[in-house]
Each structure stands twice: as structure tokens, then as C-alpha cells.
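Visitor: Please take a close look at a single part of this model, the aromatic side chains and their surroundings. I would like one connected account, with each term explained where it first appears.

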Amino acid sequence: MKFYKLSILAGCISLIMSSRSWSDNKQHSADNGANYDNPLNALFQDSHADIDLRTLSFNKNAPKKNGKKQSWDASALGAIFNFNSGYAWNHVGFDWSIFNTFGLDHGGSKSVLNDQKLFLPMKNDKRYRRNLFVPAGVAAIKFKAGNDDVNVKAKAGFIDFNDELLAGSSPRAIPSTYRGIHADANMYGAKLYAAVVNGLRIRSSRDLRVLKSNNDKRISYIATAGGDYTFGNGIGLGLAYGNGRNYMNQYAAQVTYDVEGIGDGVLKLKGKGMLAHKGGSLWNGKDTTKELDGFKKRATTNSLSANYVLNLWNFGVAYTKIHAKGGSGKYQYKMAPKNGSTDTKGYGCYNVNTASGSSDYNLDGERSYQASVGYNFDTVPGLSAKVTYTQGSGIRYKQNPMITVKNEHEMDYSVAYAFQQPALKGLQVRASLYDLHQKNVDGRADRTHTNTHDFRVFADYKIAVF
């Protein structure tokens, strides 16, 4: 209730800021190419809505763990209705969405946690239900102000966003949303953003969940801020900061440079460094229990990548080095890692060059190398394909008993097609195969995921309503 009061207060503030002290209403109407007798009419006359139908199918083949079956398969259908209003007085509006999962067909052992939690919404009784509506999955007041040179946009409520250190949800049948505030600004070409969130409705639940640490303690909020700017010479700089209150702090910096005139293509270069460290009493990096956080006190990730785009081809190489001593021996991206579900990636950043479909290649001492080739078929417009190989080695498993992987490598294959026919415009199909091989340390009892094959198919059909 307190949060909704704050949202209403934010809306009132936005209305006040919509006065002539910001700018003239008639000028706003002219900017929109329309002239409204009542500025409130723009809320609906400039609105649009769409329906997103999503069908997905997963098939995972994994070795047994402690004698229990880990392989599973599942398919589901989800529907999302999105409404985006216009802006009253060219400043204030709202967004609203409703989700529904129509069904699930799954196979495999009930001991496999993933077989339902990735797909079905969960009610208060902790049971997963088919045909369960998630009302107001997105429900936000939005605000904008400024001109082409200096402007700001903000949302408050249940929102869906993605920034450098706080990733959004790649939806299964339905997406997840944060509860919080997010703002983007542009100042003469410099792009800035900031966010504060204190809850999450994960994609497998209709209920709001608080943010929690590994030892099940509540993290009151996550805050992020950052920005980037590209200079006239093609060099781009980016900075980001994230804070899980009293849990972890994280920093990121990157430099990009696009080199023109190499043959007929463009070479895109990027260097990135990340630093994470203990942020308070909620962090547990000591080697005392199995519920350890990723590292003891401090961890770093450094990476380089190059992509050469030549006509219909895209060639890529990348390298990442991890240092994450102590704890569970990994660079932990999540600034609030536990929510009672297997779906925790929405809490942190996975924007790392060599992270792949099945593994994050984030273990202490790990050096990961990646090469990829992508192609857009000109003979079949809308069809694209990509092959990626990633290898990780140098893992310091001898120094950390929590690490059970000695080395790993993976082949990923993906094919996507966006239908071009007018009757099927908005329909996209994507299939991905992740073939992961991990070599476990000799003598370990938990020889998990030695060879894992994960095949996923997505079909999205977005239909404009108005």
C-alpha cells in the first residue's frame, strides 16, 4: 500500500511539473502533430495496444544428479496484452499489461525444479496453476519532459526494463516485472539512467516477492545508475554502478570503437571491466556453509571483444578473465540472488561477452574464449543463423572446494525467421541448441552436468490492436 501511495504522489508531482514552467502546451501539441482541445484527450487518442502470443518448447537432456533424473521437457502458451497511453499535457501517461499462461505440457521427474517453475504462474498456496491470469503485470505511471537536446523519461510502478547492471527478464510464457522507479535522460547525446527497485514479480508467479540474499535475509532495495557517450571520433565510453543494499556493490566500465573502412565492413571493438565487492552484513563469502555467495570480498571480470560486420555476415571473437577468490568461487552478477525459485537472473547483470546459453563462464581463474559466425540470408528475407563456440579453462578448482568444474566448452546453434508475408507480419520463430560439456574434478561425488544438451524453440506473434 505504501508503494502505491508513493506512485500516486509521483503522478501528482508529474502533473505539477507539467505546468507552463516546463513549456507551453500548445507547443507540445504542435510537436505531436496534433491539436487537442483538452490535453487529457491525448492519453487515449495517442495510445496503442497489442497482443503478444508466445509458444515455447524446451527439451533438456542432462546426466543424473545423485541418482536422480535431471532431464525434462516442457511446452507452454502465454498471452500478453499491452496498453500504452499517450501523454496528457505531453508529460504524463500510463502503461498497463495483463498476462496469462494457458497451459503446460511437461515431462520428467517431479524432483526436477525447472519442469514447472520456468513456465507456470504460482498462487499464494505455492501451487502452480494453468490458466492463471496475472493482472496488472505492468502497471506504471510514466512521465516525460524536455526537447531534442535535453529530455527525460521516467516510469514508476510495476515496470519492465533492462540496464547494464540490472537485467530484465527474458520471458518464458510470460515476463517478470520489477516494482520500482526507472528514469532515462538524454543530455546533448549523453545517455543517462537510474533505477531503484524493491520487489519483483518473477515470470513464474503472480505474487510480488521481496529481494533476498543467499542466506534468506531481505535486501531492502537495489539501485543502479549509469550512462554512456559516443564522441565524434567514434570512441564510446560507458559507466555503471549498482548497489544491493547492505549486500553487494558492483561497478562496470567499457570503451567501444567502431572502425570504418576495413574492406567493405565495419569492425566493432569493445573492452569492458567489472568489479564487485562485499557491500555489508548480508554478504556471506566465508567458507563455512554451502549457502555461500560468489566470492569472499572482491571479484573482477575483464573482457575484450571484436565483431566484424561485412554485408550479410557477422564474425565475432571474445575473451574474458575472471578473478573471484573464496566463497563459492564465482563472479556473482546478482545483487539479490534468492527469491525462492530457480528464476533468479532478473536480479543481476549477464551482459558479459562470453556468457552463453548454458553457462556463464564465471568461475574463479576462468579464461573463456569465444568465436561466432552469423549470417542473414538474402535469398530468404527474415532468415538468419548463428553458430557460437565457447571454451573455458584455467579454473582454480584446487584452491576452492566449492568449484566442481575443471574446464568446459560449448557449441551453440541458433536459427531465426521473421515472417515477411503481410498476413503473418509480426510472427517470429527462433530455435536454439546449447551443447555444453563440463569436465568435473576427479574424485568429486557431485559429477553434475557433465554433458548437457538444451534445445529451445520460441514462437512470438505480436498483433497490433490499435
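## Rings, charges and a loop

Guide: The side chain of Arg-201 lies over the face of Phe-158, at 4.6 Å from the ring centre (a charge sits over a ring if NZ of Lys or CZ of Arg is within 6 Å of the ring centre and within 35 degrees of the ring normal). Lys-144 is placed in this way over Tyr-87, where the distance to the ring centre is 4.5 Å. This is a predicted model, in which local features need pLDDT of at least 70 and side-chain atom pairs count only at pLDDT 80 or more, while totals for chains, interfaces and linings use all residues. Residues are numbered from 1 along each chain as its sequence is written, and side-chain values use heavy atoms, with hydrogens and water left out.

As a setting for these rings, the protein has 4 helices and 20 strands (DSSP runs numbered from the N terminus, helices being H or I of at least four residues and strands E of at least two). Of its 466 residues, 44% count as buried (under 20% relative accessible area, with exposed over 50% and partly exposed in between, for a 1.4 Å probe and protein chains only). When contacts (heavy atoms within 4.5 Å) are taken between residues at least 6 apart in sequence, 63% of them join residues at least 24 apart.

Turning from charges over rings to rings beside rings, a search of the whole structure finds 17 aromatic pairs (rings of Phe, Tyr and Trp, the last by its six-membered ring, with centres within 6.5 Å; planes under 30 degrees apart are stacked, over 60 edge-to-face and the rest tilted). One of them joins Tyr-241 and Tyr-251, whose ring centres are 5.1 Å apart and whose planes stand at 45°, so the pair is tilted. Tyr-241 belongs to strand 11 (residues 235-244) and Tyr-251 to strand 12 (residues 248-262), so the two rings tie together parts that are 10 residues apart in sequence. Both partners of this pair are partly exposed: Tyr-241 has a relative accessible area of 32%, and Tyr-251 one of 33%.

Elsewhere, ring pairs link Phe-44, Phe-83, Phe-94 and Phe-466 into a cluster.

A further aromatic residue, Trp-89, deserves attention for its backbone. Trp-89 lies in the loop between strand 2 and strand 3, and its phi is positive, about 55°, although Trp-89 is not a glycine. Most residues other than glycine have a negative phi. Asn-90, which is found in the loop between strand 2 and strand 3, likewise is not a glycine and has a positive phi, of about 60°. Their exposure can be set side by side: Trp-89 counts as partly exposed at 28% relative accessibility, whereas Asn-90 is buried, with a relative accessible area of 12%.

A last aromatic residue enters the account through a contact. Ser-372, placed in strand 16 (residues 367-376), is buried, with a relative accessible area of 9%. When neighbours within four places in sequence are left aside, the residues that Ser-372 contacts are Phe-315, together with Asn-314, Gly-316, Lys-386, Val-387 and Thr-388.
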